[in-house]
Each structure stands twice: as C-alpha cells, then as structure tokens.
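Work through the exercises below with the structure in view, and try each task before you read its solution.

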Amino acid sequence: MSGFFPSLARIGTYRSLPFAVAGAVLTVPVSPFALAAAVSVDADSRVRALLALVALAVLMGLLGLLGPVRRGGIGLANLLLGTAVPAPAGRPDAGTRLRSGLWLALHTALSGLLLTVLAFLGLGLLVPAIWLAGGQDRISLFWDDVPLGGWTVPFGVLLLFGALVLLAGATRAFRAATEALLGPSETERTALAERRAAVLAQRNRLARELHDSIGHTLTTSTIQAAAAAELVEADPAQVRRALGTIEEASRSALEDLDHVLGLLREEPAAKEPTRTLAEVDVLAVRAREAGLDVRLAVSGPVAALPATVSREGYRIVQEGLTNALRHAGPGAVDVRVEAGPDRLAIAVVNALPGAEPRGGRRGLTGLAERVEALRGALEAGPDGRRWRLSATIPLRPGA
C-alpha cells in the first residue's frame, strides 16, 4: 500500500475514467435496464432487467470474437491506459478469440459499474455543496431526513478521496485485464520472438558487412594517405599509385555501403556486391601498397568453392590483413588459402607488436559468427612470437 497512495499524484493513474466512458458507450442502449435492476422493488422487473444485462454481456462476448474488435481494443487500451500490448499478427486462434470476447464483456460490465459508483459519489458531493451554499438545513439521505452541518465537509472530502482511490484501482484492474486477455498468445509470442531474432540477425549481418568493408577501406586509405603525404615530392609515381589504391578501395566500399543502406531503407534489393576468394590477390596488392610485406599462397580449386563459402573466406582474409595493418610487428605477413575437396583452410600470420595489446576484438567476433554459421572453426591468438588467425570451413556435411 505504501507505493499505491503516492501514485495517486500521477495523472496516468486515473486513465480508467476515459477508458470506462469508451466502454460504457456500448451499454447506452440498455442502461435503463441497469438502473431498473438497481432500484426496482418489483421482483419480475428486476429479473427482466438482469436478464437484459446478461444478454448484453453475451452480445459483447460474441462481438469480441471478431478480429477487428480485438485490434480496436488493443489500440484503445494502448491509447487511453498507456499499455504496450503489441498489435496482433496473423489470424487469431480459438483461444485468443475467446479471451478477446471475455475482455469485451468485462470491459463493458466494469465500465458500467465504475461509472455508476462514480455517479453516486458525485451525487454525494452535492451534500457539502448544498450546506456551504446555505440553501437548506436538511436533506434526504439514505432514505432518511438528515440535518446538514459541519460534518458534510469531511464527508465530501472522504467521497472525493474514495473516488480517486476507485479510479486508481480501476486503472490497474483495466490494465491487468487488457494485458492478460488481449496480450499475445503463445503462438503470437513465438512469432514475435522469431521476427525479433530475424531482425537482430539481419542487423548483425549488416554490422559485420560495414565493419569488414568500411573498416578495411578506412585503414588502408589512412595508411596510404599518410605514406603519400611523405612521398609527395620525393616519389610522385608512388604517390599516384597510393591515390589509385585509395580510389579503388573507396569505390569498392561505396558499393558495399550503398547495398547495406538499401537494405536498411527496405528499398528494392540491388545486386549484392560479390567479393570472393577469386579476388584475394587484390587484397594482397592493396595491403602491400599500404606497406605490408604480404606473402600470399593459394592452393586448390578456389574458383570452384560454393559462393557463400568463398564470400566469407574473402572477409576472413580481409579482416586478417586489416588487423595486420593496424597491429602487426615488423616482418612478413603470411596468408595461406587452401581449398581442398572437403574443407577450406585459411590462415593469416604476422609478427606480434611487442608488448602492445591486441585490438580488433569486434572484428574477430564478427568472423567467429560467420564461421560458426558455416559449421566451421575459428582460432585467433598468439602462436609463439606471432599472431595467428586461422579458420577451417567444411565443404561437405561431416567433413
């Protein structure tokens, strides 16, 4: 209770009033029967009134079975109660329809009850108003003639406080009922989870693509630009070659970036840039022009590799050379690509940079995800005085 009363100060606590009004609109045609059931002393009249209310509840339950009614109820609750019930996806099953029908019946019944009680409380507030206005000294209250006096002021305050507490409790009850009865079913929760997983997988894939392509290009371009700045007068031919490498790498990165942005904007898919191990020599050339001593060894039918495997293999070599550009110590960088009948093996080995810490953990995480998706294995870490990045990807099940 300690946390309940401070919440009365928040206006959102009283959202049940407009929500109840919206629900009571449906009961307007039979509201006279509700009043008759409350005040009638004739047993037959009261029975007929109660039967009419039962018929209304059944009618609301049947209407709630309709899909549009459920969608409208979710939108109304999210708007007026501040709930966050997700919009329904697909056709509801029988259990979901029954819950929706029960919700509509409860909504209209509780709305009518809440507004009726509030109406009586509102009439009770007239008692202190009449006494304060000095209009009369006595009033008929609870079927008795009661003298008016100073007691009417605390009585009115009590009624007002009771109305606020009632609204706060009704808001919580409406929210709980809405989330329980209009919330997603187990099937819908599974579908939502699958959609979220698909979105996250797509985001991770795009993040990997941007990291591999843009990160490699920026690293190469930065080193090439720095080298060109030092050689601008001493070796203009080398500067031109460096600028050409920057231009070629940037154009390739722009193609990748354009493709990724098209996916993010959900535009008609353009042709995905194809980067395969058939172009691994281009990566080696760019790395050499950036200052690395790259020794590339390719064996086996690389051109015959499956497209997915070849594309991921290209990214593995690219990430290995990018990390070597950033962190490698002095000495050659050995790149070995072996395409066998059962597996693809890739290794990028370079000297460690002394005691300096290694970076590029995000890129290695992305590579691990790529290799794992192809049922392969990735290893990265010190190997004596050298850093080794190696990956093995099977080409056949069980290889």
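**Exercise 1.** Determine in which sense strand 4 and strand 5 pair, and over how many bridges.

*Solution.* Begin with the two strands in this predicted model, strand 4 covering residues 333-339 and strand 5 covering residues 343-351. Following the bridges between them, one finds that they pair in the antiparallel sense, and that six bridges hold this pairing. As a single example, take valine 335, whose bridge partner in strand 5 is valine 348. Finally, look at the connection, where a hairpin of three residues leads from strand 4 to strand 5.

**Exercise 2.** Find how strand 5 pairs with strand 7, and explain why strand 5 is largely enclosed by the rest of the structure.

*Solution.* First, turn to strand 7, residues 386-394, which pairs with strand 5 in the antiparallel sense over nine bridges. One of the residues to check here is arginine 343, whose bridge partner in strand 7 is proline 394. Next, consider burial, for which a residue must have under 20% relative accessible area. Eight of the nine residues of strand 5 are buried, and therefore the strand is largely enclosed by the rest of the structure.

**Exercise 3.** Decide where confidence in the protein chain is lowest and where it is highest.

*Solution.* Start from the chain as a whole, which has a mean pLDDT of 75, with 69% of its residues at 70 or more. Then compare the elements: confidence is lowest in helix 2, residues 31-39, at a mean of 55, whereas it is highest in strand 4, at 93. Lastly, examine residues 1-11, over which pLDDT stays under 50.

How values were computed
Residues numbered from 1 in each chain as written. Predicted model: local features only at pLDDT ≥ 70, side-chain atom pairs only at ≥ 80, totals over all residues. Heavy atoms only, no water. pLDDT = per-residue confidence, 0-100. Helix = DSSP H or I, 4+ residues; strand = E, 2+ residues; numbered from the N terminus. Contact = heavy atoms within 4.5 Å. Buried < 20%, exposed > 50% of the residue type's maximum accessible area, 1.4 Å probe, protein only. Pairing = 2+ DSSP bridges.
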